[in-house]
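Reader: I'd like a close look at one part of this model, with the surroundings filled in afterwards. Could you take me through it slowly?

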Amino acid sequence: MSISYKKINSMIRSIVNDLQDLDEHQKDILCELCQKIYMKESAVGSSSKQQLMNEIKGEIALKADKFQG
Amino acid sequence: MKLLNAHIKNFRLLKDLRLNFSTSLEKPLTVIRAANETGKTTCEYALMWGLYGSKSVLPKKGAYPLFPADLEGAGEKRVEVSVEIEFQVEEIRSVGRGKQQVESSRYRLIRSCIEYATKDDEVNRQSESVQMFAVKSNGCDPIPALEVTEIIESSLPEALKDVYFTDGDSAMSFIEAAATAGVKRKRVSNAVEALLGLEILNSTTNHLERVASVFSGEIDDTDYADELERVNDKISGWTEDIEEWEQERKEYEYQGDYALKELKGLRQNIEAALQLGDKSQLIEDKKLFEKQISRYSENRDQELKALSRLISSKAVSKIFIKEPALVAMDMLRNLNKDNQLPKVNIPILEELLDRDNCFCGEDLSEGSNDGQRRREAVKEAIESSRSSDAIQENASSLFYGVRSENFSNDSLWMDDYADKSSAYQNSITSLSEADNALKKLDKTIAGIDDSRLKELKEQEDLLKNKAASITTELGKRTAQIEDAVTRKAEAEEDRQKIERRLGKTNTSAGKLTLSRRVQAVFGQIVDKLKQEELRRVSQEMNRIFLEMIGSDPEANSRTLITRAELTDDFDIVVYGPSGTTINPDQGLNGASRRAITIAFILALTKVSEVEAPNVIDTPLGMTSGYVKQSILNQCLKEGTQIILFLTHDEIHGVENIIDDYVGTVFTLTNPAHYPVMLVNEPSEDDKGILRCECDHRHTCKQCERRYMEVA
C-alpha cells in the first residue's frame with residue numbers, strides 16, 4: 001500500500017482526541033468508525049463502489065445511536 | 001512491500017538471470033555488483049516491466065525491443081520474454097461479510113510476452129500477459145485477473161515507480177532542467193500524493209459525502225425536504241461531475257505524458273535518422289562542392305597556361321643553346337674586335353664598276369684594254385665575294401642581335417619553372433580530391449532513404465498537434481473542475497444552513513451528524529497530509545540532503561549550500577548563502593544533484609512510513625569520499641529494503657559500510673567483456689549476463705577483471 005495504514009490510524013486517533021466537544025465514549029466510537037471506513041476503502045479485493053458505500057452507510061447507521069448516547 | 005526474488009528470461013541481454021533480495025531488518029541491503037554494460041539498468045527495467053507492463057514502462061513499441069541481440073544474430077525469429085517476481089506485502093484484505101483484516105501475503109507475479117522479428121528486421125511484441133499467484137505453505141492459488149492490478153497498485157503504486165526504481169536518468173527526473181517547471185511539479189506532486197495515499201482519502205471523502213447526502217435526504221422535515229433534496233441533488237451532481245472530469249483530466253494527463261514520451265522517442269529516432277545523413281543538407285553541400293570544383297578547374301587551367309608560357313619562352317631556348325651560343329659569341333666578338341663585322345665587299349666592288357678609275361688611281365674604263373681587264377677582274381671578285389658576304393652579313397646581324405644577351409641566369413628560370421609546375425600539380429591534386437569527395441557525397445546521397453526521416457517529421461508534427469490539443473482539453477477540464485468545486489462549495493454552504501434548521505431528534509439526523517463528524521476527520525487528515533506532512537517531507541529532505549553533502553550552515557557561514565525545500569507548489573528548491581536560490585539541475589554538481597533527489601525520495605518514504613524497496617541503479621556515481629559514504633549511510637538509515645546496483649568503482653571506499661548492512665550480495669558479469677576487461681575466458685558459450693556469488697570484496701575466475709589505465 002502507499003501510505004501506511006498504521007500512520008492513518010494514528011492520525012485518526014490524534015485528530016479525534018483533540019475534539020473537545022466529545023466525551024471519551026464518543027471519541028472511541030468515532031475513532032473506531034473512521035479506522036474501519038479507512039480499512040474498507042483501502043482493502044484489496046473489496047466489493048463494488050456502490051457496495052462499499054452501502055457498507056459505510058451501514059457502519060455509520062450502526063454506530064449513530066451509540067454515538068448519540 | 002518487500003521484493004523477494006526475480007527470474008528474468010530473454011529480456012535483452014538478460015537471457016536467464018535469477019535475482020534474490022535481502023529482506024532482513026538488520027541487514028536490509030542487497031548489493032548487485034556489476035560493471036558498466038552488464039545489465040544493471042536492464043534489470044531495473046525488467047523488474048518495472050514485470051510489475052507495470054510495456055505500456056507504462058517501455059518507450060514506444062519497437063523503440064526498445066526486448067529481443068536478445070545475439071538470438072537475432074543467430075537467426076532466431078521468435079522469443080518468449082518473461083519476468084517472474086516474488087514479493088511479500090502487508091495488506092488489508094476483505095474477508096467477507098464486510099470484514100477486513102491486515103494480512104501478510106506473498107505473491108508470485110509472472111509477466112510474459114512473445115517478440116518476433118518481421119521481414120523488415122523490426123521487432124514486434126504480442127501476447128503480453130500477466131498472471132499472479134498467492135504463494136501459500138500448501139501451494140499456489142491463482143489470483144483473478146481483475147484483482148492483479150489492484151494488488152500491484154496497492155503494493156507499489158505505478159505513480160511511485162520513479163520513487164522506488166531510480167536510475168541515473170530517472171533519479172534526476174524530479175529536478176531535470178529539460179523538463180518544464182509544470183512537468184517537474186507534476187512529477188513531484190504525483191509522487192507525494194501517491195505516497196501519502198491522497199487518492200484513497202479523496203475517494204473516502206467523496207463516498208462519505210454521498211452517504212451523508214443520503215442520510216440528509218432521509219430527514220423527515222417537510223418544510224425543508226424539497227429544498228434539501230434540491231441542494232443534495234445539486235451537490236451529488238457536482239460531485240459526480242467533478243469525479244468524472246477528474247478521471248478525464250487524469251486520462252488527459254496520462255495521454256499528455258504518453259504523447260511527450262512518444263515525442264521524445266520520435267525525436268531520438270529523428271536524431272538517429274539525421275545521423276545517417278540529412279539528404280537535403282547533403283544536396284546543399286553537393287552544390288557547394290560543385291562550385292568549388294569549378295573554381296579548382298579554372299585555377300588548374302590558369303596554372304597550365306602559365307606553365308606553357310614559361311616552357312615556350314626565349315629563356316628556355318637560351319638554356320638549351322647556352323654552350324654553343326657562348327662559343328659563337330666568343331667568335332663573333334673576336335671578329336668584331338678584328339673589325340670584320342660588319343664587313344662587305346660587293347657594294348665597294350660594284351661602286352668600282354661605276355667608275356673609270358679605281359680608288360688607287362688605276363684605269364677602269366671600259367674603252368681601254370687594261371680597264372676592260374680590270375673590270376672583268378672586279379666582276380670575278382664580286383662573284384667570288386657573294387658567299388662570304390652573305391656569311392659576313394649573317395654574322396654581323398647575329399652579333400648585333402645577340403651581343404647584349406645574358407646566358408648565365410638560367411637558375412631563375414628553373415626556380416620559376418619549379419614554382420609554376422608545383423602550383424599546377426597542386427591544382428590537379430585539389431581538383432582530384434574535390435572530385436573524389438563529390439563522388440563519395442553522391443554515393444552517400446544515393447544511399448540515403450530520407451522517406452523515413454520525412455515520415456518521422458510528419459509524425460512529429462502530428463504528435464505535436466495532438467499534444468497541443470491534449471493541453472487545451474486539459475485546460476478546459478481544469479477550468480470546469482474549478483468552477484464545479486466553487487459551485488459545490490456554495491451548495492454545501494446552502495445545505496449547512498438548511499440542515500441547521502432541521503430537527504435533530506430524527507434518527508437520520510443522528511446518522512447525518514455522525515457522517516459529518518467522520519467526514520470532518522478525514523478532511524482534517526487530508527489537510528494535515530497536504531500541509532504538515534508536506535512540510536515534514538521538506539524538513540526531512542533538507543536534513544538528509546545537508547547530511548549527505550556534509551553541509552552545516554550553522555557551524556560554517558562559508559557553506560555554499562544552506563538549505564533545501566519542497567515548496568507548497570511542489571517545487572524542489574535549493575538555497576545558497578544569503579538565501580539565494582540555486583537551480584538544482586544546473587547550479588549543483590553531479591553528486592549534490594544525485595543527493596537532493598535521493599534525499600527527496602528517502603524523506604517521502606520516511607514521512608509516509610511506508611515499507612517498500614528502494615531499487616537504485618548507480619546511486620554513488622559521480623560521488624566520492626564523504627558524500628559517497630554519507631549517501632549510502634543515509635539510504636541505509638532511512639530505507640527498509642535497499643537494493644543497489646553498484647559498479648566496482650562505486651563500491652571502492654564504502655566496503656566497510658556494505659560489510660555492516662549487506663544481507664545479500666552477488667556479482668553480474670558480461671562475458672562480452674573478455675579479453676579486454678575480463679581476465680579469464682568465460683566458461684560458457686552463452687552471451688547472456690552471468691551471475692556468481694562473489695561479494696563486494698572478492699572475485700572468482702568468472703568475474704575477475706583487469707584494472708588498467710586507458711591511454
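How many Å does helix H10 (residues 314-337) of chain B span between its end C-alpha atoms, and what would a straight helix of 24 residues span?

Author: Sure. Keep in mind that this is a predicted model. At 1.5 Å a residue, a straight helix of 24 residues would span 34 Å, but H10 of chain B spans only 28 Å from one end C-alpha atom to the other. Look along the helix and you'll find a kink of about 75° at B:Lys322. The proline B:Pro324 follows shortly after that kink.

How does H10(B) sit in the model? The number of buried residues among its 24 is 1, so H10(B) lies largely in the open. A residue to click on here is B:Ile319, which belongs to helix H10 of chain B. B:Ile319 counts as partly exposed because it has 14 C-beta neighbours inside 10 Å, where buried would take 20 or more. Setting aside neighbours within four places in sequence, B:Ile319 is in contact with B:Asp410 and B:Trp413. There's also B:Phe407, 88 residues away along the chain, with a C-alpha atom 7.2 Å from that of B:Ile319. Just after H10(B) ends, B:Asn339 takes a positive phi of about 55°.

Positive phi turns up elsewhere in chain B too. B:Glu37, in the loop between strand S3 (29-34) and helix H1 (40-52), has a phi near 60°, a positive value in a residue other than glycine. With 14 C-beta neighbours inside 10 Å, B:Glu37 counts as partly exposed. Then there's B:Phe570, in the loop between strand S9 (563-566) and strand S10 (572-575) of chain B. Its phi is near 70°, again positive in a residue other than glycine. B:Phe570 has 19 C-beta neighbours inside 10 Å, so it counts as partly exposed; the cut-off for buried is 20 or more.

While you're on backbone details, go to the loop between strand S14 (662-669) and strand S15 (690-692) of chain B, where B:Pro675 sits. The peptide bond from B:Tyr674 to B:Pro675 is cis, with omega near 5°. Another proline to look up is B:Pro142 in S7(B), the bridge partner of B:Phe133. Strand S6 (residues 123-136) and strand S7 (residues 139-142) of chain B pair in the antiparallel sense over 4 bridges, and a hairpin of 2 residues joins S6(B) to S7(B).

Now zoom out to the other chain. Chain A has 3 helices and 0 strands, so to speak an α-α-α run from the N terminus on. Of its 69 residues, 45% are buried. Among contacts in chain A with a separation of 6 or more, 42% are between residues 24 or more positions apart.

Where the chains meet, 38 residues of chain B are in contact with 37 residues of chain A. On chain B, strand S4 (78-96), helix H4 (145-155), helix H6 (181-195), helix H7 (198-218) and helix H15 (507-549) each supply at least two residues of the side that touches chain A. H15(B) gives the largest share of that side, 12 residues. By class, the side of chain B that touches chain A has 16 nonpolar, 13 polar and 9 charged residues.

Terms used
Residues numbered from 1 in each chain as written. Chains lettered and ligands numbered in written order. Predicted model: local features only at pLDDT ≥ 70, side-chain atom pairs only at ≥ 80, totals over all residues. Expected span 1.5 Å × (residues − 1). Bend = angle between axes of the 7 residues up to and from the residue. Buried ≥ 20, exposed ≤ 12 C-beta atoms within 10 Å, placed from the backbone. Contact = placed C-beta atoms within 7 Å. Nonpolar A, V, L, I, M, F, W, Y, C, P; charged D, E, K, R; others polar. Pairing = 2+ DSSP bridges.
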